[in-house]
Amino acid sequence: SQLFIKDLHFDGVPVRIYLPREPSASKQRGVIFIHGGCGIFGSIRTYERICRYIARKSDSVVVSVGYHLAPEHKYPAQTLECLTATVHFLKTAETYGVDPARIIVCGDSVGGTFTANVCQELGRRTDIPKIRAQVLIYPFLQALNFNLPSHQKNAAVAFLSRERTVSFILKYLNKDCSLKEPILAGSHVPESINLKYRKWINPDLIPDVFKLGYKPPLPTLFSPQVHEEVQELFEPWFSPLLAEDAVVCSLPDTCIVTCEHDVLRDEGLLYKKRLEDNNVRVTWHHVEKGFH
């Protein structure tokens, strides 16, 4: 009863917009919400209650993006649709009573990935209003190393186990599930790439408090065949942690949420460090009893 809810299309992308019924004396804040679900599950409808809650509690206009799911719609269609919807809203915000300078992008899990993609892509554009902030809720950010401390600690945690994470990645990319074991072992990454990205993806960068019981994995044999099969994993659009510093330093203020019992916990911690190293303001919330 507190909200007007409309289903629209932003340049062909399905969205659901939640507008407070109470008229506002000034222009309102805007939230672009990108849902999780590994790119293969979830919908606007699945996240209806969350988006209503955000709209009511923050007194904001919320746009929930209904990107089309993989594997029927091939990667990177999902990122492109999130980008299209975001640009449309930034350009037309005033139509919905929203201040274009006060719009944030927010997403959970792979929605956090797409949020990071959108902000990296738009960070240096000058033809549209700047995104005010990004909110990344336990985001997936890299597919090079599946043996970080949080992967080991939470390997068998319900819902998103370590093995299931890689299974979902392969399903999302429409790849053969036989690639799962070599990817888990790290056989898809040549030494040259390991060396290049060690400065950003490295257990040594994780605070000691999160490394209790961690055991460095044994070296694995590189497989050129597996590497060739999964080239997408090395693109910043798939692994936003691999973006260059020139891109990262243009990102907006950021809020990162991590959970203790989550295989993806350390990716959030590593991105937090990268952002801070590039002088981006970061607010970090860690949920000690939280899980994915």
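On a 1 Å grid over the protein atoms alone, a pocket is an open set of points with protein on both sides within 12 Å along at least five of seven lines, and a cavity is a set where a 1.4 Å probe fits but cannot get out; lining residues have an atom within 4 Å of a point. This is a predicted model, in which local features need pLDDT of at least 70 and side-chain atom pairs count only at pLDDT 80 or more, while totals for chains, interfaces and linings use all residues. Residues are numbered from 1 along each chain as its sequence is written, and side-chain values use heavy atoms, with hydrogens and water left out.

Start with the largest pocket. Its lining comprises 24 residues. Nearest its centre lie Asn-145, Asn-194, Arg-198, Pro-217 and Leu-218. The space in this pocket is about 640 Å³ (a volume is the space filled by probe spheres set on the grid points, which are joined across faces, edges and corners). Two helices, helix 6 (180–185) and helix 7 (191–197), each supply at least two lining residues. Helices here are DSSP runs of H or I with at least four residues, strands are runs of E with at least two, and both are numbered from the N terminus. Helix 7 gives the most to this lining, with 3 residues. By class, the lining has 15 nonpolar, 6 polar and 3 charged residues. Ala, Val, Leu, Ile, Met, Phe, Trp, Tyr, Cys and Pro count as nonpolar; Asp, Glu, Lys and Arg count as charged; the others, Gly among them, count as polar.

The second largest pocket holds about 460 Å³ of space. It is lined by 18 residues, with Val-31, Ile-54, Ile-104, Cys-106 and Val-135 closest to its centre. Strand 3 (28–34), helix 1 (48–58), strand 5 (98–108) and strand 6 (133–137) each give two or more residues to this lining. Strand 5 gives the most, with 5 residues. The classes here are 11 nonpolar, 3 polar and 4 charged.

Now turn to enclosed space. There is 1 cavity of 30 Å³ or more. Its volume is about 180 Å³. Among its 15 lining residues, Cys-38, Val-110, Phe-140, Ile-169 and Phe-238 lie nearest the centre. Helix 3 and helix 5 (162–172) each supply at least two residues. Helix 5 gives the most, with 4. The lining divides into 11 nonpolar and 4 polar residues, with no charged ones.

Helix 3 deserves its own look. It runs over residues 110–122. Its 13 residues reach 18 Å from first C-alpha to last, close to the 18 Å expected at 1.5 Å a residue (1.5 Å times one less than the number of residues). Helix 3 is mostly covered, with 12 of its 13 residues buried (under 20% relative accessible area, with exposed over 50% and partly exposed in between, for a 1.4 Å probe and protein chains only). The buried residues include Val-110, Phe-114, Asn-117 and Leu-122. Val-110 is also one of the residues nearest the centre of the largest cavity.

Next comes a histidine. His-151 lies in helix 4 (residues 149–153). His-151 is buried, at a relative accessible area of 1%. Beyond its neighbours within four places in sequence, His-151 is in contact (heavy atoms within 4.5 Å) with Gln-142, Asn-145, Phe-146, Arg-162, Val-263 and Glu-267. Asn-145 also appears among the residues nearest the centre of the largest pocket.

Charged pairs come last. Side chains of opposite charge can pair when their charged atoms come close. The structure holds 17 salt bridges (a side-chain nitrogen of Lys or Arg within 4 Å of a carboxyl oxygen of Asp or Glu). Asp-253 and Arg-132 form one of them, at 3.1 Å from N to O. This pair links distant parts of the chain, 121 residues apart: Asp-253 is in strand 7 (residues 253–261), and Arg-132 is in the loop between helix 3 and strand 6. Arg-132 is partly exposed, at 40% relative accessibility.

Asp-253 also forms a salt bridge with Arg-281, with the closest N and O atoms 2.8 Å apart. Arg-281 sits in the loop between helix 10 (265–277) and strand 8 (282–291), 28 residues from Asp-253. Arg-281 is exposed, at 58%. Elsewhere, salt bridges that share partners join Asp-7, Arg-16, Glu-48 and Arg-52 into one network. Lys-211 and Asp-208 make another salt bridge, at 3.6 Å between the closest N and O atoms. Lys-211 is buried at 19%, whereas Asp-208 is exposed at 61%.
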